[in-house]
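Student: I'm new to this structure and would like a close look at a single part. Could you pick one sheet and walk me through what packs around it?

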Amino acid sequence: MSSSGLRILTWNILSGNPFSKEGLEHINVLGKAAKDVDIILLQEMKIPEESQEWKAFKRRLGGFFWAHSSNRLKGKRINRGCAVGVRKTKCNGLRTLARDDFGRGIVIETEMEGHTLEIASLYIPQDERRSFWQEFTYPERPGAKIIGGDFNVTIDPEKMDDFNLLMKWMEDHKMHLCPNSIPTHGRGNVIDYIFVSSEYAEHNITTAVIAGTSLDHNILFAELNPKAPTGTRSLPEEMCKSRVFVQEILNQIGPYQGKEPWEYLKKFKKTAWKLR
């Protein structure tokens with residue numbers, strides 16, 4: 001898939017309104033955390049789409065293409081929303097594939113290094129942990145995917161049915177969990193997750209959590225790095241026995257003490273050569 005690594009951040013930001021003291025504090029925290037991040041997934045963005053608040057938010061988080069979906073029910077206060085941000089230097093823009101009228105999710109498509117990538121930010125309220133999977137229409141498209149967000153389920157004996165339902169949906173869509181055991185919620189639970197499709201499942205995946213953000217949710221990171229080739233390198237036998245070649249190496253690593261040259265070179269692992 002991608003020849004370079006990908007850094008992903010997901011966070012239930014709770015507000016995101018740059019015109020409120022609390023929202024501005026959250027945005028400043030996000031700006032610092034997202035300094036070296038390629039993809040941002042946000043939940044509970046409680047600001048209307050295409051509002052002055054949303055425009056100000058995007059200005060403060062410069063360097064990203066954004067897509068946002070808030071609840072759009074008539075007469076209802078904006079109390080939900082999800083957003084996806086993709087670093088401009090990593091892609092050629094983005095387009096929205098699906099959005100939830102209740103502000104519980106948004107799915108976008110972008111292109112990175114010549115490959116199409118689908119990204120989703122999801123927020124599942126506690127009382128909708130089961131109904132969400134029937135109500136939200138997810139685009140059934142082939143290709144690489146990243147899904148992250150606040151799922152409000154944890155590995156808990158009392159909530160295993162909800163957790164199993166989440167994992168079954170992800171398994172049906174061929175998504176793999178980025179492993180993390182560090183609490184993402186102030187109560188000591190893991191309820192925020194990042195999932196990747198099979199294209200990334202064989203990457204080196206590392207996760208980290210930033211706590212102490214003054215919110216009940218912590219910031220969850222995942223980094224996806226392609227694994228290095230596993231084949232061993234070796235020099236042809238005739239090259240190893242060439243005194244001209246060996247002497248050139250010895251000029252760099254030390255005096256030659258009269259041993260067979262290829263045997264002598266085997267001692268010097270710092271040369272990074274794997275000799276036969």
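Tutor: Here is a walk through one sheet, the helices on it, and a few residues worth finding on the way.

Keep in mind that this is a predicted model. The part to look at is an open sheet of six strands, in the order 3-4-2-1-12-11, with mixed pairing. Its edges are strand 3 and strand 11 (204-210), and each has a single partner strand, so one side of each is left without a neighbour in the sheet. On average, neighbouring strands here are turned by 15° against each other, direction ignored.

Now zoom in on one pair. Strand 2 and strand 4 run antiparallel and are joined by five bridges. To find one of them, start at glutamine 43, whose bridge partner in strand 4 is cysteine 82. Helix 2 packs on the sheet too, touching strand 2, strand 3 and strand 4, and its direction makes about 150° with that of strand 3. Helix 1, for its part, lies across strand 1 (6-12), strand 2, strand 11 and strand 12 (219-225), and runs at about 165° to strand 1.

Let's stay with helix 2 for a bit. Which of its residues are buried? In helix 2 (residues 52-60), they are Trp54, Ala56 and Phe57. Looking down the helix axis, you'd see these buried residues fall within an arc of 165°, so they line one face of helix 2. The face turned away from that buried side carries the exposed residues Gln52 and Arg59. And what do the buried residues of helix 2 pack against? Their partners are helix 1 (21-33), strand 2 (39-43), strand 3 (64-70) and strand 4 (81-87).

Between strand 2 and helix 2 there's a loop, and glutamate 44 sits in it. Have a look at its backbone: phi is positive, about 55°, although glutamate 44 is not a glycine. Most residues other than glycine have a negative phi. Is glutamate 44 buried or exposed? It counts as buried, because its relative accessibility is 11% and the cut-off for buried is under 20%.

For a comparable backbone angle, hop over to glutamate 113, in the loop between strand 6 (105-112) and strand 7 (115-123). Glutamate 113 has a positive phi as well, near 50°. Its relative accessible area is 41%, and that makes glutamate 113 partly exposed.

Back in strand 2, isoleucine 39 leads us into the interior. Setting aside its neighbours within four places in sequence, isoleucine 39 is in contact with Leu6, Arg7, Ile8, Leu9, Gly85, Met112, Leu117, Ile119 and Ile146. The largest nonpolar core has 25 residues, and those touching the most other members are Leu6, Ile39, Leu117, Ile119, Ile146, Tyr200 and Leu224. Several strands feed this core: strand 1, strand 2, strand 4, strand 6, strand 7, strand 8 (144-150), strand 10 (192-197) and strand 12 each supply at least two residues. There is also a second, separate core of 21 residues, which includes Leu9, Leu42, Leu61 and Phe64.

One last stop is glutamate 118, in strand 7. Glutamate 118 counts as buried, at 3% relative accessibility. Not counting residues up to four places away in sequence, glutamate 118 touches several others, among them Leu97, Tyr138, Arg141, Lys145 and Ile146.

Key. Residues numbered from 1 in each chain as written. Predicted model: local features only at pLDDT ≥ 70, side-chain atom pairs only at ≥ 80, totals over all residues. Heavy atoms only, no water. Buried < 20%, exposed > 50% of the residue type's maximum accessible area, 1.4 Å probe, protein only. Helix = DSSP H or I, 4+ residues; strand = E, 2+ residues; numbered from the N terminus. Arc of directions from axis to C-beta. Contact = heavy atoms within 4.5 Å. Pairing = 2+ DSSP bridges. Axes fitted to C-alpha atoms, helices over the stretch in contact; angles between N-to-C directions. Core = buried A, V, L, I, M, F, W, Y, C linked by side-chain atoms within 4.5 Å.
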